[in-house]
Every structure is written in structure tokens, then in C-alpha cells.
Amino acid sequence: MTAVTPCPVLSLPRAVLALVLISLLLSGCFSGDSDSSSNDTETGQINALGIRGLTYKTNSQHGKTDTQGRFQYYPGETLELNVGNLSLAEGVPAQEWVTPLEFFPDIRAQLSTVSVNDQGLSTHRPTEKKLITRTPLLNLTRFLIALNWNENLKDNEGIEIRDRVIQQLNAALPSLSSPIDFNVSEAEFTKNNKNDMSAANQLLAQICFYPKDHEICGAPPTEAEIQNADERPRNENNWDPDIEYKQDLENKRNRIFEAVRSLDDFDTEQARSYLRRELNRISTIIGNRYYLDDHIAKVKADDTDLKQVSISRIGGKPELADLEAITTRPQDVVVHSYGSQTAEVEYFVSGDAGGESEIITSFLPENTYRWVQKSLRVVITN
């Protein structure tokens, strides 16, 4: 039962009571002590385009990721992620963006390893590029793509794991010859011989990606049933619509077998391409939140005073963990100083009129390993 805050005002005259009640309602009197409080959890998301249908659990929250792969959490919590009764990851730091790279502790630990680009500035992209070649990550990614309701995952779509798939997955898990292990070799994880099939392929073979009452989800006709069936009459006018002829049963059997998925249908390059797509989208989303004061700055040649360019964030303060800056033509424009706390770069012109340079900044927002790059063109005028 919801607790109610006592309000000892009910004996007041009606006119006074009405005014007091309005004030009390606005201040929270008569409201429940939990239901009226705003939900101050934060929202995280699995991948840029989402993975729908994963079960998540933190210290305080639990549920299923929605159509955009979103989940709720409090800062400092960790995630446990499952698809149905199959565990995918645990101990994953809950944050705004979570990708399958964070599912594996050893891969997650290397995400903050800083690389340097051709301009000598810090970047995260080479590290991501290297890590998405890891076999356990590719095994898990291929498996998740295979569970998508539509066999062909489009470029602008996230992964959708429907309840129908999860129900069949849960039913199939106890019958597997061994647990599904993403840490085995690719060959072990994907083997698909009739008498030696991996646990992941055994599971996929028991999932029908059609509505429950669809004929594809039924048992395939046996060889005996096909052999005992009548041949279809040569004359179409003599076909009986209530009879499944031998040719009909053969076609039905083939359709059912062809609908069975295996990891052979989803290769490692498809998994890498999917991971690259999601990682690049997240970096773009984060980068689009930040901007410089100007795209072009015009400074007179005789103006040697220090100038500033500030990094701003849409809807809030920049809150940078680190900042770097270079100039492409130091003979024309010199970077004097920069700092993450001020989110500013100071510079001055040193060249003649007509000269120009580009100031390139690379900065690391707080609570992410992803570096953002922005640039300012400085033109020296008369």
C-alpha cells in the first residue's frame, strides 16, 4: 500500500481549506512517497541501432532491452546480459553506450588504449579496428545476427530478437550436447557436420523464424511419406486441392530444410562489418554533440594577440577528460596552449597576410574512451 503523508488541515474553514489544499498538493502533501518521485535512472543502449530482446539486470534495475536496445541503470552499476536463459555477459559497466566489445573483460580492458593518427593526435579507432578481429567477439556477434528475426540484417536496422525466438531458444538449450561457448575457436563454434554439429548450430536448427502456425515450422515430410504419396496428374484439371502429391511433399520438405539457419549463413566478415557500422555510428553521435565557436577565423596579420577557440557541447558543458591541439602550418599560426578543464585552445598568427592554417583539436569527453576531432581554419588577412 502506498504511504500517504499526514496533512492535519481538515478542520480549517472551507475557504481557507481550499487554498491550503492547493498549496499542499503543489508541495507534495497527499502524494505517495515513492510513486511521485521522478525516475532518476539513466538510459543506456546496446549498440547504435540497438539489440532488442536482451534481458538485462543491474543492482537495481531489470527488464528487456526495447526496440532501440535501451536499458535503465544508475551510474556505477554493472550489467548482466542474457538472451533468454543463455548468458551473454556479466560485470559489464553500465553506461550510455554498450557494445559487444564490452561483453568480454579482456577486450573491454583494452578499449582505452590510445592510438595516434597520421596527424599525431590521439584516437580510439585503430584500437577498435584491432579488437573486432577477436574470435570470441566474432563468434558472439555472428550468433546474435543469426537470431535476428529477418535473416538479412539491413544497414539501417538493429538486431531484433523476438519473444518467439527466445521461447524456442529456451526450449532447445537443455537438449544441446554441450553449453554454448563463445571462447572456442571459430572452427569449433561453427562446425556443421551432420554427426558433429556445434552447440550453437544445434540450437539454431531448433528455432523456426516464422509464426508458430506456419507450415515451415512443422515437421518435414519423411522419405516414406513422400514415396507413398501419389504422383501429381499430368493434367492440371485433375489435380485435387485437398491432396498433397509427391511433388508437393518434396517441395515442402525442401522449404523446411532450407529455412533452417546455421552460422555458415553469417560469416566473420559480416560480423566485422556489423561491428564497424555500430562503432562508427556511436562515434559520430558523440562527435556531433560538440562544436567549435567558428569554422573559420579571420585574423589580421598585425594582430598578434592571443586568440581563443572554445569547444562547446550541445545542451551542456563540454566536460573533457583530455585535450590536444596542433596547427598544420606553424609558420602561419602557432598553438600557444590548450587545456581540458577550460576546453579552450589559445593561438596567435605569425605569418603574413594570405597565409592560413588549420587548428585541429582532438579531445576525450568524460565517461567514454572515444576521442572526438574538430578543426578550425584560421585565415590571415591584411
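1. The hairpin of β18 and β19 has four residues between its strands, and within that hairpin A343 takes a positive phi near 55°. This is a predicted model, and the angle, like every other value in this note, is to be read with that in mind. A343 is found in the loop between β18 and β19, and its phi is a positive value in a residue other than glycine. For background, most residues other than glycine have a negative phi. Is A343 buried or exposed? Its relative accessibility is 3%, and buried means under 20%, so A343 counts as buried.

2. The strands on either side of that loop pair in the antiparallel sense, with β18 covering residues 333-339, and six bridges link β18 to β19. One of the pairs to look for in the model is V333, whose bridge partner in β19 is V349. Strand β19 also pairs with β16 (residues 307-313), again in the antiparallel sense, this time over four bridges. Here the bridge partner of K307 is Y347 in β19.

3. Strand β19 itself, residues 344-349, can be read as two faces: V345, Y347 and V349 make up the covered one, while E344, E346 and F348 make up the uncovered one. The general background is that side chains in a regular strand alternate between the two faces of the sheet. A reader may wish to note that F348 belongs to the uncovered face together with E344 and E346.

4. A second residue other than glycine with a positive phi is N367, where the angle is about 65°. N367 lies in the loop between β20 (356-365) and β21 (372-381). With a relative accessibility of 75%, where exposed means over 50%, N367 counts as exposed.

5. N367 also appears in the description of the largest pocket, which is lined by 23 residues, with Y73, E96, E366, N367 and T368 lying nearest its centre. The volume of this pocket is about 470 Å³. Sorted by class, its lining has nine nonpolar, five polar and nine charged residues.

6. Turning to the earlier part of the chain, strands β6 (residues 78-83) and β7 (residues 86-93) run antiparallel and are joined by six bridges. Together β6 and β7 form a hairpin with two residues between them, and G84 in the turn has a positive phi of about 60°. V83 stands opposite L86 in β7.

7. V83 returns in the largest nonpolar core, which has 55 residues, and in which V83, L101, F143, L147, I161 and I180 touch the most other members. Two or more residues are given to this core by each of β5 (70-73), β6, β7, α4 (135-146), α5 (163-172), α7 (199-205) and α10 (268-287). Which element gives the most to this core? That is α4, with seven residues. Apart from this core lies another, of 24 residues, among them A325, Y347, F363 and I380. Y347 is thus a member of this other core, besides belonging to the covered face of β19.

8. The surroundings of I161 can be followed in some detail: leaving aside neighbours within four places in sequence, I161 is in contact with I51, R52, G53, L54, V83, L144, L147 and I166. Among these contacts, V83 and L147 are also named with I161 as residues that touch the most other members of the largest core. I166, a further contact of I161, is one of the buried residues of α5, which are R164, V165, I166, Q168, L169 and A172. The buried residues of α5 pack against β4 (62-64), β6, β7, α4 and α7.

9. L121, found in the loop between β9 (115-116) and β10 (122-123), is buried, with a relative accessible area of 2%. L121 and L323 are 202 residues apart in sequence, and their C-alpha atoms are 9.7 Å apart in space. Leaving aside neighbours within four places in sequence, L121 is in contact with S115, V116, E324, A325, I326, I360, S362 and Q373. A325, one of these contacts, is also listed in the core of 24 residues.

10. A last loop to inspect is the one between β16 and β17 (320-327), where G316 lies. G316 is partly exposed, with a relative accessible area of 41%. Between G316 and R289 there are 9.4 Å in space, C-alpha to C-alpha, although the two are 27 residues apart in sequence.

How values were computed: Residues numbered from 1 in each chain as written. Predicted model: local features only at pLDDT ≥ 70, side-chain atom pairs only at ≥ 80, totals over all residues. Heavy atoms only, no water. Pairing = 2+ DSSP bridges. Core = buried A, V, L, I, M, F, W, Y, C linked by side-chain atoms within 4.5 Å. Buried < 20%, exposed > 50% of the residue type's maximum accessible area, 1.4 Å probe, protein only. Contact = heavy atoms within 4.5 Å. 1 Å grid on protein atoms, 1.4 Å probe; cavity = no way out; pocket = protein on both sides within 12 Å on 5 of 7 lines; lining within 4 Å. Points joined across faces, edges and corners; volume = space filled by probe spheres on them. Nonpolar A, V, L, I, M, F, W, Y, C, P; charged D, E, K, R; others polar.
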